[in-house]
Amino acid sequence: MSIWRRLSLFVLASALCSCPCRAEDSAMENIVTEKKAEESHRQDSADLLVFILLLTLTILTIWLFKHRRFRFLHETGLAMIYGLLVGVVLRYAIHVPSDMNNITLSCNVNASPATLLVNVSGKFYEYTLKGEISGSEVNDIQDNEMLRKVTFDPEVFFNILLPPIIFHAGYSLKRRHFFRNLGSILAYAFVGTVVSCFIIGLLMYGCVMLMKQIGHLGGDFFFTDCLFFGSIVSATDPVTVLAIFNELQVDADLYALLFGESVLNDAVAVVLSSSIIAYQPEGDNTHTFEAMAMLKSFGIFLGVFSGSFALGLFSLTPFHVTKFTKLRDFPLLETALFFLMSWSTFLLAEACGFTGVVAVLFCGMTQAHYTFNNLSPESQERTKQLFELLNFLAENFIFSYMGLTLFTFKNHVFNPIFIVGAFLAVFLGRAANIYPLSFLLNLGRKHKISPNFQHMMMFAGLRGAMTFALSIRDTATYARQMMFSTTLLVVFFTVWICGGGTTQMLSCQKIRGFLEQSCLMMGFLCVQQIGPDGVERRSTKQESAWFFRIWYNFDHNYLKPLLTHSGPPLTATFPACCGPLARCLTSPQAYEVCTLHAHSGLIILYKADKTEGTSHLSLRTVR
C-alpha cells in the first residue's frame, strides 16, 4: 500500500472519529443557546410585568385620591414616586449572579464598531454594541445588563408613546375657546418659546463658563448645547394644572391659553431643537457664530414646521372620500381605519424628514373638526374613548419611567452649579415669556389677561413628557448626559411642587370657578360664564377676531359640507351655475340638515332636489 493510500485512510478515519464529537458539541451549543433565549424571555417578561404593576398601582391610588378628593398630588407625580421606588429596588436591592462564561479579552481598536464578528474555533459570531461601561463596573456586568433591559430605546418614546399623547391633545381640543384666543396662544407658543429658549441658553452658557473657570467641567459643552437645552426645557406640559382646572371649572379663557400654549409650544420646541442641531457653520470650528448658518437653521425651522403642518392637514384627505361610501355601516372597520391613518401621519412625517409631533397634532385637530362628523355614532364614541385611554396609559407610563431612570440610567452627570443655574434660567425664561407678551397682547385684547391670570400661567409652566423624550433621545456625549440628568430634576420639581400647589395658587390669586352655559341668540352662538358671585360674562362670535369670523363663515358654508356630512348642502351655498358640481360633491346624508333658530323658535330643514338641481328651505314650528 502506497504512502498516499495510507495517508488517505488515516484522514478518513480521523474525520469519521471527529464527526460524532463535532455533532455532540453542536448539539450542546444549541441546548445552551435555547436555554439562554428562554432565560432572556423570562427576564423580558418580568421587566414588562414591573411596568404593568407600576401602572396598576398608580391607577388604584388615583382612584383612592379621587374618592377622597385629594388634589395635592396628581397622578403623574404619583407615577414618578412609584417609579423612583422601583428604581431604588432594582439598583441596590437586586443583584444577578455573575455568569462564569463571560470572558473579557483586550484588543486595540481605534473606534467602537456597532457590530463585531468574532471567530471562535472557525465559527463566526455576531456581537452588537450596547454601550460603554467604566472599568470599575466590569465585574458587575450582569447587574448592568439587568438595568439595561429596563431601559427602553428612546425611539420607543417617539414612535409609540408620544403620538397618542399629542394626537389626543389635538383631538380633545376645545376649539371654540382655542380659536377665540388664537392670537394670544400663537404669541405665547412661537414668540414666547423662542425667547425662553435663547434666555435659558444664554444663562446656561454663563454657568458653563463659570464651571470651566473653576474646573468643574468634565467635557466639552458648547453654546449650541446650551441653546439645545433651552429648547427642550421650554416645552411645557401642565397636565397636572389642567386636570385641576377642569375639575374646578376654572375660567375657560385661562384654560384655553394654558392648554393651547402647551400643545403648540411642544411642537415648536421639537422643531426648534432640530434646527439647533442642524446648525453647521463652514470651517473647522463648527461651534462658532456664522450668520449664513443661522439663517439656514431658521429656514430649516420654517420649512420643517410648515411641511409638517401641511402634512398633518392634508394626510387625511383620502379618509374624507369615505363619506361617499357605506364604511360607517361597519363601525369596527371604520374605527380601525381612523386609528391607523392617524398614527401613519406621524410616521409619514418622520419618514419624509419632517416632525411627526407637529403633523399628528394638526392631524388630531383636523380629525376632530371634520372627520369626526363623518363617523358613525358608535365610531365617534369609540375613537374618543380609545385615544383617551391610550393618552392616559402612555402618559403615566412615561412618568413612571422617569422615576425609574433616575436610578437605572448608568451615565448620570449631576453638577450642582449647572442644576442651580438651570432652575434659575427656567424661572427667568418663563417670566420673560409670560409677562412682556401679556403686556403687549393686552394692548389689543378686549378681554385683558389679568395679572392674576399671568401669575397663574407663570406658575403653571410645568415640564413633562416632551421635555423628557427630547432629552433622552441622545445621551452619547458628556453635555447631553448632564442635560438629561438636570432635566429629570427640573421635571420632578415642577410636577411635585408647582403641580401640587395649583389649588393653593388658585386660592392665593383669587381665581374661582365659572359655570359655563351655551345658547343661541339672534343666530349667533352665545357663551355665558356665571361666576360664584352671580356675575355673568357673555360673549358671542361677533366679539371674535374679524379673521376668525371670516374663517368660520367660509368653513361652515363650504369646507364642512365639502368634507363632511354636516352643514348646509353645497347646493344651497354654491352659485347656481355650479349646481352640477355641488350635487356631485355633496353626500346623500347632507341633503337634510337641521339647524336650530332659537330666536324665532323654528327648525330650518335644508332640502335639495337632486333631480332638478334646486334647493329650498322648509320651516317647521317647534312647540
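**Notebook: helix H9, the core and the cysteines**

I began with serine 273 and found that this residue lies in helix H9. I note at the outset that the model is predicted.

Next I looked up the surroundings of serine 273. Its relative accessibility is 3%, so I entered serine 273 as buried, the limit being under 20%. Setting aside neighbours within four places in sequence, I listed Phe228, Ser231, Ile232 and Leu470 as the contacts of serine 273.

I then turned to helix H9 as a whole, which covers residues 252–277. Does the distance between its end C-alpha atoms agree or disagree with the span expected at 1.5 Å a residue? For 26 residues the expected span is 38 Å, and the end C-alpha atoms are 37 Å apart, which agrees. I also checked burial along H9: 24 of the 26 residues are buried, so the helix is largely enclosed by the rest of the structure. At the start of H9, I found a side-chain oxygen of aspartate 251 within 2.9 Å of the backbone nitrogen of aspartate 253.

My next entry concerns the largest nonpolar core. I recorded 116 residues in this core, of which Met204, Phe229, Phe245, Met402 and Phe468 touch the most other members. Helix H9 supplies the largest share of the core, with 14 residues. I followed up methionine 402: not counting residues up to four places away in sequence, methionine 402 touches Met80, Gly464, Ala465, Phe468, Leu488, Val491 and Phe492.

Methionine 80 led me to threonine 58. The two residues are 22 residues apart along the chain, and I read a separation of 9.4 Å between their C-alpha atoms. Threonine 58 is found in helix H1, residues 3–68. Its relative accessible area is 1%, and I therefore entered threonine 58 as buried. Beyond its neighbours within four places in sequence, I found threonine 58 in contact with Glu75, Leu78, Ala79, Tyr82, Asn396 and Ser400.

Last, I examined the cysteines. How many disulfides does a search of the whole structure find? The search returned 0 disulfides. For cysteine 226, which is in no disulfide, I noted that the nearest cysteine sulfur belongs to cysteine 207 and is 8.6 Å away. A disulfide would require the sulfur atoms to be within 2.5 Å. I logged cysteine 226 as buried because its relative accessibility is 0%. Cysteine 498, at 13% relative accessibility, also counts as buried.

Key:
Residues are numbered from 1 along each chain as its sequence is written. This is a predicted model: local features need pLDDT of at least 70, side-chain atom pairs count only at pLDDT 80 or more; totals for chains, interfaces and linings use all residues. Side-chain values use heavy atoms; hydrogens and water are left out. Helices (H or I, at least four residues) and strands (E, at least two) are DSSP runs, numbered from the N terminus. The expected span of a helix is 1.5 Å times one less than its number of residues. Buried means under 20% relative accessible area, exposed over 50%, partly exposed in between (1.4 Å probe, protein chains only). A polar contact is a pair of N or O atoms within 3.5 Å; within protein, one must be able to donate a hydrogen and the other to accept it, and residues adjacent in sequence count only if both atoms are side-chain atoms. Contact means heavy atoms within 4.5 Å. A nonpolar core is a set of buried Ala, Val, Leu, Ile, Met, Phe, Trp, Tyr and Cys residues joined through side-chain atoms within 4.5 Å.
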